[in-house]
Amino acid sequence: MTTITATQRYLTDAQIASYHREGYLALPRFLDAERVAALRRLTDAFVERSRTVAKTDGVFDLDPRHTAAAPVVRRIKNPADHDPLYAWLGLESPILDVVSELIGPSLRFHHSKLNLKGSLIGAPVEVHQDAAFYPHSNDDVLAVGLLLDDATADNGAMAVLPGSHSGPIYTHFDTQGRFVGGMRTEDIARLDRRGAVLLDLPAGSIHIHHYRLIHWSAPNTSPGERRLLINSYAAADAVNLASDSTKSSLYGRLVRGTWPTVARRTSGDMPMPPDFSQGYNSIYEVQAEAAAKM
């Protein structure tokens with residue numbers, strides 16, 4: 001098997017230590033403006049294409065307010081499956097070199113998604129941990145967000161709670177046993193969120209967060225767009241304990257290093273999500289359904 005290795009070092013020892021201590025890392029203006037502009041044009045073309053779609057499908061997660069005349073796309077699912085530029089970013093770009101400095105030289109691709117918070121309409125994402133959706137045998141799992149637009153407090157920039165990746169994985173089920181895609185109100189109330197960090201960064205920046213890190217984002221109340229392209233990765237020896245909810249042809253692909261001979265385990269119990277093998281749309285839909293029931 002061909003071994004794919006990193007070719008350049010991007011992070012300092014201090015940045016690597018900060019990621020492991022705080023659970024996140026921000027790298028301003030990581031991608032050049034020309035490439036960001038190309039990603040914006042590509043994303044605009046996908047939104048234009050959504051005019052022909054009346055309901056959520058395998059590519060588009062549509063907001064209930066979506067119409068052909070005024071498209072409202074909450075998410076493009078598995079963008080790396082649908083266009084070479086998205087694929088390059090998730091499978092070949094220097095982002096993988098950064099990730100390998102944080103969780104090791106052998107990496108597997110987990111999934112990609114592009115969250116679109118449209119002007120004055122973009123939905124919030126409630127307080128949650130990614131590990132509640134796809135627990136792994138060890139904790140070397142993270143997500144990398146690339147900003148296609150400047151992220152601000154007004155347009156729904158992501159907020160993180162530093163150090164929370166060292167704590168428990170909280171239940172994301174309500175008291176009736178329904179998976180709601182977010183933490184319970186009483187658990188959130190016990191958190192000290194005064195130390196939360198808003199990742200308000202310029203377009204082209206990337207932010208990286210550990211999959212146990214508690215995070216959330218507000219709705220977009222600004223007149224501008226806030227589009228965030230997310231790619232998630234795991235150390236090659238971190239085995240997904242849940243069913244594959246991505247439905248991506250790229251799921252589990254080795255993108256750096258060599259295939260593992262063992263699965264590395266972290267001691268302790270891991271809460272399991274529902275069986276997503278029969279279908280899963282997005283965190284937006286799960287959280288919206290939970291809010292409607294409440």
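**From the surface to one sheet**

In this predicted model, the protein chain exposes an accessible surface of about 13100 Å², and carbon and sulfur atoms contribute 53% of that area. Turning from the surface to the interior, 55% of the 294 residues of the protein chain count as buried, where buried stands for a relative accessible area under 20%.

The overall dimensions can be set beside these values. The C-alpha trace of the protein chain spans about 50 × 45 × 40 Å along its principal axes. Because a compact globule with 294 residues would have a radius of gyration near 19 Å, the 18 Å found for the protein chain agrees with that expectation. Among the contacts in the protein chain with a separation of 6 or more, 83% join residues that are 24 or more positions apart.

As for charge, the protein chain carries 30 positive and 33 negative side chains, and the centres of these two sets lie 2 Å apart.

The secondary structure of the protein chain consists of 7 helices and 12 strands, and one sheet can be followed strand by strand. Four of the strands form an open sheet in the order β5-β10-β7-β8, with antiparallel pairing. Its edge strands are β5, covering residues 125-128, and β8, covering residues 197-198, each of which pairs on one side only. Within this order, strand β7 (residues 158-160) and strand β10 (residues 215-217) pair in the antiparallel sense over 3 bridges. A reader who wishes to locate this pairing in the structure can begin at A159, which stands opposite W216 in β10.

Notes:
Residues are numbered from 1 along each chain as its sequence is written. This is a predicted model: local features need pLDDT of at least 70, side-chain atom pairs count only at pLDDT 80 or more; totals for chains, interfaces and linings use all residues. Side-chain values use heavy atoms; hydrogens and water are left out. Two strands pair if DSSP finds at least two bridges between them. Helices (H or I, at least four residues) and strands (E, at least two) are DSSP runs, numbered from the N terminus. The radius of gyration is taken over C-alpha atoms; the globule rule is 2.2 Å times the number of residues to the power 0.38. Buried means under 20% relative accessible area, exposed over 50%, partly exposed in between (1.4 Å probe, protein chains only). Contact means heavy atoms within 4.5 Å. Accessible areas come from the Shrake-Rupley method with a 1.4 Å probe; for residues, only the protein chains shown count as cover. Lys and Arg count as positive and Asp and Glu as negative; His and the chain ends are not counted. The place of a charge is taken as NZ of Lys, CZ of Arg, CG of Asp or CD of Glu.
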